[in-house]
Amino acid sequence: VEASCQQVREKAEKREQELSNRVTSLEEAGVQAENQVKEMKETIFELEDQVEQQRAVNCHTNQAVLDMENLVKKLEEQKAEAERQLKVLNRQMKEERDEWRRFQADLQTAVVVANDIKVEAQQELRTLMRQLQEEQDRNTKLSADLQTMQGVRISTGTAFDTKTAVEGH
């Protein structure tokens, strides 16, 4: 049970480490996405200033702004998706942690029950050993009595039936 528990514990710790690594990666990606979003928003602001100053290149600048806005939207969608994945992973981690705790509690209960059974078995063994010793002592006494009786019968010359002597004793 302890070896099985250790294996399960090691698997759980490995799974927890994997999930932790995934969470860290997603958090780093989220930070990078936020930084990119900030940079893109600053770029858009600068481009809008240039549009006001340079109406002559309005068409080209508008296209660049649209491209940048699409990129920002895409990055914001990626960020939102990363945040959703992070929430899912956090929920999974919590569920697995709760499941692990339930498993540990069940395992502890099993260990306590097994220990109780062991104690009962040891007590029963002691009782049986004591009864065996009592029966062996009784058997030894009966054998001694039988030999004594056989000796008395033989010395008096009387025929002796062991079965009758044991039953009569």
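Helices here are DSSP runs of H or I with at least four residues, numbered from the N terminus. The model is a predicted one: local features need pLDDT of at least 70, side-chain atom pairs count only at pLDDT 80 or more, and totals for chains, interfaces and linings use all residues. Residues are numbered from 1 along each chain as its sequence is written, and side-chain values use heavy atoms, with hydrogens and water left out.

**The pocket**

Let's start with the largest pocket, which holds about 320 Å³ of space. A pocket is an open set of points on a 1 Å grid over the protein atoms alone, where a 1.4 Å probe fits, with protein on both sides within 12 Å along at least five of seven lines; lining residues have an atom within 4 Å of a point. The volume is the space filled by probe spheres set on the points, which are joined across faces, edges and corners.

Its lining has 14 residues, and A12, E13, E96, R97 and W100 lie nearest the centre. Helix 1 (2-53) and helix 2 are the elements that give two or more residues to this lining, with helix 1 supplying the largest share, eight residues. By type, the lining splits into six nonpolar, no polar and eight charged residues (nonpolar: Ala, Val, Leu, Ile, Met, Phe, Trp, Tyr, Cys and Pro; charged: Asp, Glu, Lys and Arg; polar: the others, Gly among them).

**Salt bridges**

The structure has nine salt bridges, each a side-chain nitrogen of Lys or Arg within 4 Å of a carboxyl oxygen of Asp or Glu. Here are some from helix 2:

| Pair | Closest N to O | Spacing in helix 2 |
|---|---|---|
| E83 and K79 | 3.8 Å | four residues |
| D98 and R101 | 3.8 Å | three residues |
| K141 and D145 | 3.3 Å | four residues |

For K141 and D145, that spacing is about one turn of the helix. Elsewhere, R15, E18 and E96 are joined into one network by salt bridges that share partners.

How exposed are these side chains? K141 counts as exposed because its relative accessibility is 51%, while E83 is partly exposed at 40%. K79, at 25%, is partly exposed, and so is D98 at 24%. The cut-offs are under 20% relative accessible area for buried, over 50% for exposed and partly exposed in between (1.4 Å probe, protein chains only).

**A nonpolar patch**

L125, M129 and L132 make up a nonpolar surface patch, together offering about 300 Å² of accessible area. Patch members have over 30% relative accessible area and no salt bridge, with nonpolar side chains (Val, Leu, Ile, Met, Phe, Trp, Tyr) joined within 5 Å and like charges within 9 Å. Areas come from the Shrake-Rupley method with a 1.4 Å probe, and for residues only the protein chains shown count as cover. L125 sits in helix 2 (residues 58-156) and counts as exposed, at 51% relative accessibility.
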